[in-house]
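Biologist: I'm new to this one and would like to learn how to read it. Could you walk me through it, feature by feature?

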Amino acid sequence: MEAVFSNFDEYLKAFGVTLALFVVSGLASLVLGLILASLRVGPVSVMRRAAGLYVTIFRNTPLLMIFVFMAAAMPKLGYNFKWVENIEIAGWSVSAFFVRSTIALTLYTSAFVCEAFRSGVNSVDVGQAEAARAVGLTFFQSMRYVVLPQALRAVVPPLTSVQVALIKNTSVAAAFGMAEATATMRSLTNDYGSQRPEIFLLFAIGYIIIVEAVALSSYALERKWKVA
Amino acid sequence: MRPRPTLRRFTAAAATAVLATSIAACGNAGNDDTETRDVDVAENAADEFEDGTRMKELAEDGTITIGVKYDQPGLGFKGATDDMPKGFDPEVGKILAGSLGIAPEDITWKETISDNREPFLEEGEVDLVIATYSITDDRRKVVGQAGPYYVTGQQLLVRSDNDEINGVEDIKGMEVCSVTGSTSLENVKKEGAKPRGFDTYSECVDQVLDGTVDAMTTDGSILLGYAAEQPDELKVVGEPFSEERYGIGYSKDSPEMCQWINDTLTTSFEDGSWEEAFDVTLGESGVEAPEQPELDDCQS
């Protein structure tokens, strides 16, 4: 136990990186996933197919391979994202490693987010969309004002599962230059081999707390959006 | 007319046999170009050990399981098509097995990564761990570590066109990679560098070649192995800035192994087989065999 408690600032910093990876790629994947879902149910057939192809590629590829691609292949192709390190906003700047990791996580997760949204849209009665078009709303207006508000209610549970998976998937970044929770755990077990079980336990608890916080807020949302 | 079933079966069997021979031939061809040295194998070794000791059991069984690394050129490396791991660590393993009367081909090699060295010893998965296993007080709480059989220190590997980094004093604020969770990575963090952990050393080397990170760090002997592979692209800089004493791990259940390991190492220091083992492995990159390290006493 004291291996972790005497390094508690390291522990907190590590979960800080995990959280940062989760929040940034979580939000990015929600945005990208929503766009993809709109394209997949939209009227333009080229876009429908493109979004379908995206889902096929990224949902069917292991996350680790996407990471390897971002970390090993992209720099060889000339994209190492080093330029982001020169951008500074209010004294903060991010490393190229952070950017590459969040891109990999976002590309992967948004495919699942897209499918969760699509299932939500499908759960809305088709008559709703037809009625919206009948009163003269465009496709985007009917999505924005009629279909999505109703779909959102249905997608909270599957979207939560996708985001929970994302929290745990951030651990893949441990092998790609990010000193997040799993990487820090490995450096502690290396230094304190005699306290291995305790270290595992304390890091597992850290993940459980984060996941539980996300799950509880999702239950709260479900209750709030519930219609009688 | 279609061939009769028996005939077809015969053709299939023949094809398989031909295929098998050609694969075996490939395996042999692969072995020819690896430099090996002759290993002394003691005869009637079992008689030399007292009853009830682990050494006696191993000598009577005629086989031993040794955990080594598979991803460190020069120290412990096994390519995808190799039959046996190569490097200084396996050579030391052969010396130890030889003193038990076990020939190199009777040794069972098992890959150990940094994370599973203690668990493997505790569970009896392996008899010995010879896997760039630095001796530390905390590890000695759970397993036995005899030796050291080799002392090295952490250095830096950079691209040969890098003039900025000439030693550990230049790495402040630089991105330095190594294997996730390793002691080397902790050490450069203390020096003010940004640590970048990867799964394997080879991925880390790629990052240096790409210019994605500024330098790679780990024990000098491993870095020399990589620099020797690509001397035009990579160079090792600076003096060693840590001391790693590689020990041989054994289970705490058989503390008698410590004295045997120390005795065998002492003999190999004296008869030159230790130096020979170094020359055909790490020595390939042009380094002279270092001075023989002083062994720790075995606590009972």
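Modeller: We'll start with the chains as wholes, then take helices, helix pairs and a few single residues.

Modeller: First, some ground rules: this is a predicted model, where local features need pLDDT of at least 70, side-chain atom pairs count only at pLDDT 80 or more, and totals for chains, interfaces and linings use all residues. Residues are numbered from 1 along each chain as its sequence is written, chains are lettered from A and ligands numbered from 1 in the order in which they are written, and side-chain values use heavy atoms, with hydrogens and water left out.

Biologist: How many helices and strands are there in chain A?

Modeller: Helices (H or I, at least four residues) and strands (E, at least two) are DSSP runs, numbered from the N terminus. Chain A has nine helices and zero strands, and its C-alpha trace spans about 70 × 50 × 35 Å along the principal axes. Chain B, on the other hand, has 10 helices and 12 strands.

Biologist: And what share of each chain is buried?

Modeller: Buried means under 20% relative accessible area, exposed over 50%, and partly exposed in between, using a 1.4 Å probe and protein chains only. In chain A, 44% of the 228 residues count as buried; in chain B, buried residues make up 50% of 300.

Biologist: What do contacts tell me about each chain?

Modeller: A contact means heavy atoms within 4.5 Å. Take the contacts between residues at least 6 apart in sequence: in chain A, 76% of them join residues at least 24 apart, and in chain B the figure is 68%.

Biologist: Let's zoom in on a helix. How far apart are the ends of helix 9 of chain A?

Modeller: The expected span of a helix is 1.5 Å times one less than its number of residues. Helix 9 of chain A covers residues 196–225, so its 30 residues should span 44 Å, and the end C-alpha atoms are indeed 44 Å apart.

Biologist: Which residues of helix 9 of chain A are buried?

Modeller: Here's the general idea: an α-helix has 3.6 residues a turn, so residues three or four places apart point the same way. The buried ones in helix 9 of chain A include A:Ile199, A:Phe203, A:Tyr207, A:Ile210 and A:Val214. Their cover includes helix 1 (2–5), helix 2 (8–41), helix 7 (139–169) and helix 8 (181–191) of chain A, together with helix 4 (117–122) of chain B.

Biologist: Is helix 8 of chain A largely enclosed or open?

Modeller: Helix 8 of chain A is largely enclosed by the rest of the structure, because nine of its 11 residues are buried. Among them are A:Thr182, A:Met185 and A:Leu188. The covering elements include helix 1, helix 2 and helix 9 of chain A, plus helix 4, helix 5 (137–142) and helix 6 (183–190) of chain B.

Biologist: How do I read a pair of helices, say helix 4 and helix 5 of chain A?

Modeller: Fit lines to the C-alpha atoms over the stretch in contact; the angle between N-to-C directions runs from 0 to 180 degrees. Under 35 degrees counts as roughly parallel, over 145 as roughly antiparallel, 65 to 115 as roughly perpendicular and the rest as oblique. Helix 4 (residues 63–77) of chain A packs against helix 5 (residues 96–123) of chain A at about 140 degrees, with axes 9 Å apart, so the two are oblique. The contact is made by residues including A:Phe67 and A:Met70 of helix 4 and A:Ile103 and A:Tyr108 of helix 5 of chain A. As for the classes, Ala, Val, Leu, Ile, Met, Phe, Trp, Tyr, Cys and Pro count as nonpolar, Asp, Glu, Lys and Arg as charged, and the others, Gly among them, as polar. That contact divides into nine nonpolar, one polar and one charged.

Biologist: At what angle does helix 4 of chain A pack with helix 7 of chain B?

Modeller: About 20 degrees, with the axes of helix 4 of chain A and helix 7 (residues 201–210) of chain B 10 Å apart, and they are therefore roughly parallel. A:Ala71, A:Ala72, A:Pro75 and A:Lys76 meet B:Asp206, B:Gln207 and B:Asp210 there. These residues divide into three nonpolar, one polar and three charged.

Biologist: Now single residues. Is A:Pro43 buried or exposed?

Modeller: A:Pro43 counts as exposed because its relative accessibility is 55%. A:Pro43 sits in the loop between helix 2 and helix 3 (45–59) of chain A. A:Pro43 and A:Phe139 are 96 residues apart in sequence and 7.9 Å apart in space, C-alpha to C-alpha.

Biologist: What is the phi of B:Thr132?

Modeller: Most residues other than glycine have a negative phi. B:Thr132 has a positive one, near 40 degrees. B:Thr132 is in strand 5 (residues 128–134) of chain B, and counts as buried because its relative accessibility is 8%.
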